[in-house]
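Visitor: I'd like a close look at a single part of this model, taken slowly, with its surroundings filled in afterwards. Could you walk me through it?

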Amino acid sequence: MCIVQPAVCTRELCVFSFNTLGVMSGAAEEVATGAEVVDLLVAMCRAALESARKSIIFDPYPSVVDPHDPKSLAFNPKKKSYERLQRALDGIKSIREITQGPYFEIKKQMDKLDPLAHPLLQWIISSNRSHIVKLPSSRQLKFMHASHQFLLLSSPPAKEACFRTARKLHSSTFAFHGSHIENWHSILRNGLVNASCTKLQLHGVAYGKGIYLSPISSISFGYSGKSFWALCITAKCVIVLLQCRPTQSRFLQSRNLNCVALCEVITSKDLQKHGNIWVCPISDHVCTRFFFVYEDGQVGDANINTQDVWIQKEILGDNQPDST
């Protein structure tokens with residue numbers, strides 16, 4: 001069963017439309033998700049900019065026209081100033097505040113704080129090349145225990161087309177990909193790539209070059225910037241965590257964020273499985289489908305295995321009524 005069938009315009013800024021089944025059916029129409037997505041984009045931008053690795057991972061760097069001199073760039077990739085960029089980012093009002101008043105008035109307040117704050121916010125939104133939709137609680141994957149869940153297509157149309165072709169020849173399954181939130185500013189604009197043996201590599205390549213995935217949630221949580229087992233070293237701690245219910249706040253409440261993606265991966269002979277560590281050397285064979293965000297060190301269930309039948313049924317929406 002196909003979980004996502006994107007009908008994609010070849011123009012980069014064109015909004016993707018989903019033809020979906022089960023859990024994803026109608027999600028885009030059921031909830032106004034724009035503000036929540038912008039909230040996430042700003043959080044990712046901030047994490048990348050505040051990273052010690054910002055010179056490597058803050059990519060792309062903004063190209064923003066100077067509001068006082070339309071012939072020049074206030075932010076120029078050829079003349080990077082992370083300090084000036086940070087000041088402008090600090091001038092962006094919280095998305096919660098922006099939604100609580102007339103946008104024109106909020107913009108005026110931002111302009112007073114920093115004339116480049118609003119242009120930067122516009123760039124953060126317009127430079128995103130991924131399609132992201134916040135899932136309403138009724139359509140979330142319950143086994144992930146996260147209130148901030150998103151549909152996520154981070155692949156450009158050409159890669160999605162290659163993926164669908166490969167899926168016809170082989171088959172596909174689901175696996176987690178964990179990466180620190182500071183990396184997602186780039187991933188959403190450049191796609192999920194094989195960073196092994198490049199300047200982007202953060203962890204080792206013990207199992208070879210490729211995109212690292214796992215069917216086990218706890219393994220990927222460990223790559224998200226927070227070690228799951230460092231949080232839960234006793235059985236009692238695990239029980240407390242699993243009993244914890246995510247908050248239902250519309251917007252992110254913290255800057256201490258951890259995230260993990262649920263990806264669809266082609267199960268060809270190229271996919272290397274080393275126990276619960278999977279390595280896919282072909283970037284076109286991995287596409288993000290869902291994205292989960294946790295706050296203040298919380299993570300979900302450590303024991304989720306995407307190969308369990310009941311997990312796959314919930315992902316595919318087999319437990320949902322047919323929408324047709």
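In what sense do strand 6 and strand 12 pair, and over how many bridges?

Guide: Bear in mind that this is a predicted model. Strand 6 and strand 12 (residues 286-295) pair in the antiparallel sense, over four bridges. For a register mark, take Gln-149: its bridge partner in strand 12 is Phe-292. Strand 6 also pairs with strand 5 (residues 131-134), again through four bridges and again antiparallel. Here the mark to look for is Ile-132, which stands opposite Leu-152 of strand 6. As background, strands of a sheet pair through backbone hydrogen bonds, either parallel or antiparallel.

Now the side chains. Strand 6 covers residues 148-153, and six of its six residues are buried. In a regular strand the side chains alternate between the two faces of the sheet. You can follow that here: His-148, Phe-150 and Leu-152 point one way, while Gln-149, Leu-151 and Leu-153 point the other way. Both sets are buried, so you won't find an open face on strand 6 by this count, the cut-off for buried being under 20% relative accessible area.

Step back a little along the chain and you reach the loop between strand 5 and strand 6, where Phe-143 sits. At 4% relative accessibility, Phe-143 counts as buried too. Its ring pairs with that of Trp-310, which lies in helix 13 (residues 309-316), so the loop is linked to a part of the chain 167 residues away. A pair of aromatic rings is described by the distance of the centres and the angle of the planes. For Phe-143 and Trp-310 the centres are 6.2 Å apart and the planes are at 85 degrees, so this pair is edge-to-face.

While we're on rings, a search of the whole structure finds seven aromatic pairs. One of them joins Tyr-61 and Tyr-82, edge-to-face at 5.7 Å centre to centre and with 85 degrees between the planes. Tyr-61 is in the loop between helix 3 (54-57) and strand 3 (64-66), and Tyr-82 is in helix 4 (residues 82-90), so this pair ties together parts that are 21 residues apart in sequence. Both tyrosines count as buried, Tyr-61 at 5% relative accessibility and Tyr-82 at 18%. Add Phe-58 and you have a cluster of Phe-58, Tyr-61 and Tyr-82, linked by ring pairs.

Some rings have a charge over them instead. The charged end of Arg-289 sits over the ring of Phe-163, 5.3 Å from its centre. Arg-189 lies over the face of Trp-123, at 5.5 Å from the ring centre. Another arginine to look up is Arg-46 in helix 2 (residues 34-49). Arg-46 is buried, with a relative accessible area of 10%, and its contacts beyond neighbours within four places in sequence are Gln-86, Leu-89, Asp-90 and Arg-255.

For more strand pairing, try the open sheet of three strands in the order 8-11-10, with antiparallel pairing. Its edge strands are strand 8 (211-213) and strand 10 (272-274), each pairing on one side only. The twist averages 25 degrees from one strand to the next. Strand 8 is joined to strand 11 (residues 277-280) by three bridges, and Leu-213 stands opposite Trp-278 there.

Conventions:
Residues numbered from 1 in each chain as written. Predicted model: local features only at pLDDT ≥ 70, side-chain atom pairs only at ≥ 80, totals over all residues. Heavy atoms only, no water. Buried < 20%, exposed > 50% of the residue type's maximum accessible area, 1.4 Å probe, protein only. Helix = DSSP H or I, 4+ residues; strand = E, 2+ residues; numbered from the N terminus. Pairing = 2+ DSSP bridges. Contact = heavy atoms within 4.5 Å. Phe/Tyr/Trp six-rings, centres within 6.5 Å; stacked < 30°, edge-to-face > 60°. Lys NZ or Arg CZ within 6 Å of the ring centre and 35° of its normal. Axes fitted to C-alpha atoms, helices over the stretch in contact; angles between N-to-C directions.
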